[in-house]
Amino acid sequence: MEAEKRVEPLELFFDLVFVFALTQVTARMADDLSWGGLLRGLLVFVAIWWAWAAYAWLTNEVDTRRAMVRLAIFGAMVAMLLAFESDALLFACAYLGVRVLHPLLFAAGSEHVGVRHAARALLPTSTIAPALLIAASALDGVAQTAVWIGALAIDYVGGSTRGIEGWRLSPGHFTERHGLIVIIALGESIVAIGVGAAGLALGAGELTAAALGVVIAAALWWIYFDGTPERVEQRLHAADGRARIVMARDAFSFVHLPLVAGIVLLALGVKKTLGDVDEQLKAVSAVALCAGAALYLAADVAFRRRCLDALEPQRLAAAVACLAVLPIAIELPALAALAAVAAICAALVAYESAR
C-alpha cells in the first residue's frame, strides 16, 4: 500500500450519507428529549460510526476506481439513506446489508492474501450483530435497548480483534480521512444552529446564541487541527506491522467515536438553547451541551496520549470546567450556560495560542 495515498472523491461522496445520518440523529434526540431518547440516539450513532469506520478501512485498502467498488459503496449509501426513512426493522436490515457487504467487498477488492483472510475473519460478527438488531426490532423498551447494546458490543469486539495481523494501512490517507470527518461533524453542528433558528423570531438573544455556537465549533476545530494530525501521521509512518494497525484502530476507530459523539451532543445542546434563550435548559439539554464539550476535549486528550505520549492538563482542565458548568446550567438562562461553555473553549484556544 502506497503511503502517499490520499482521500478520493468517492469517499467524500460517501461521507455525505454520514452528514445526513448525524443530522437525523440530532433531530431524533431533539424530538424525543428524554434520557431514553438520548440513549437511543447515541446507540444509533454508535452503529453508524462503526459502519463508517469499517468503510474507512475498506477505502484505505481497495482501489475506489474499480467499478465493483464504486457500485458497492453506492449500494451502502442507498441502504443507509433508507434506514432513516422508516422503523427499527428497516434500519436493522440496512445495517445488515452494509456490514455484510463490507468484508465481502474487502475480500473481493484486494489482491493481498493477508487482507482477504482478515476480511473473511470479520464476517461472523458482521452478520451476528445486525441479525440481533433485526430481532430487537420486535421488542421495545428496556429489552430492545439491551439487545442493541449487546449487538453493538459483539460488532465492536469482533471488528477490533479479528484479523489484525492481515490488515495494511496508508497513514496519510487514514489520518486525512478522519480529520475530514471531524470537520464534517463540526459542520453538522453549524447546520444544527441554522435548523434550530428556522422559524424563530430572531432577536438579540437568538443571534447571540447562534454566534456563540459558531464560536464553540471554531474553537473545537482549532483544538483538533493544531498540528496533531500531522504528527500522528508521522508516528504511524514510524510504526509498522501490528503496532501501526493497533495504533490506528485505537486512535481513530475507537477514540474518535466519543470525540464525534461529543460534537453530536453539543449540536443538540446548542439547538435547544436557540429554542428558548431566556429560559432554563432542561436537564437533558444541559447534559448534552456541557458533557458534549467535555467529552470532545477528553477524547482529544486521549487521542494525543495514545499516539504522541502527550498529556494536556489544560485540555483536561477545560473538560472539567465544562462539566462544572452543568449544575448551574439548569439554573441559569440557556444563553448564559451556552456563553459559559463558549468562554471555556475560547479561553483554552487563547491560552494555547499564547503559550
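I began with the aromatic residues of this predicted model, and found that Trp57, Phe174, Trp221, Tyr224, Phe225, Phe252 and Phe303 form one aromatic cluster. Within the model I count 15 aromatic pairs by the centre-distance rule.

For the geometry I noted both quantities, because a pair of aromatic rings is described by the distance of the centres and the angle of the planes. I looked up Phe13 and Phe74, whose ring centres are 6.0 Å apart with the planes at 85°, so I entered the pair as edge-to-face, the angle being over 60 degrees. This pair links distant parts of the chain, since Phe13 sits in helix α1 and Phe74 in helix α3 (residues 67-83), 61 residues apart. Phe13 has 40% relative accessibility and counts as partly exposed, and Phe74, at 33%, also counts as partly exposed.

I then turned to two members of the cluster, Trp221 and Phe225, whose ring centres lie 5.6 Å apart with the planes at 35°, so the pair is tilted. Trp221 is partly exposed at 39% relative accessibility, and Phe225 is partly exposed at 25%.

Next I followed helix α1 (residues 9-31) to its packing with helix α11 (residues 256-275), where the angle is about 50° and the axes are 10 Å apart. The two helices are therefore oblique to each other, and I recorded their crossing as right-handed. On the α1 side I listed Leu22, Val25, Thr26, Ala27, Met29 and Ala30, which meet Val264, Ala267, Leu268, Lys271 and Lys272 in α11. Sorted by class, this contact has eight nonpolar, one polar and two charged residues.

Conventions. Residues are numbered from 1 along each chain as its sequence is written. This is a predicted model: local features need pLDDT of at least 70, side-chain atom pairs count only at pLDDT 80 or more; totals for chains, interfaces and linings use all residues. Side-chain values use heavy atoms; hydrogens and water are left out. Axes are lines fitted to C-alpha atoms, for helices over the stretch in contact, and angles run from 0 to 180 degrees between N-to-C directions. Helices (H or I, at least four residues) and strands (E, at least two) are DSSP runs, numbered from the N terminus. Angles under 35 degrees count as roughly parallel, over 145 as roughly antiparallel, 65 to 115 as roughly perpendicular and the rest as oblique. A crossing is left-handed if the near helix is turned anticlockwise from the far one by less than a right angle, and right-handed if clockwise. Contact means heavy atoms within 4.5 Å. Ala, Val, Leu, Ile, Met, Phe, Trp, Tyr, Cys and Pro count as nonpolar, Asp, Glu, Lys and Arg as charged, and the others, Gly among them, as polar. Rings of Phe, Tyr and Trp (its six-membered ring) pair if their centres lie within 6.5 Å; planes under 30 degrees apart count as stacked, over 60 as edge-to-face and the rest as tilted. Buried means under 20% relative accessible area, exposed over 50%, partly exposed in between (1.4 Å probe, protein chains only).
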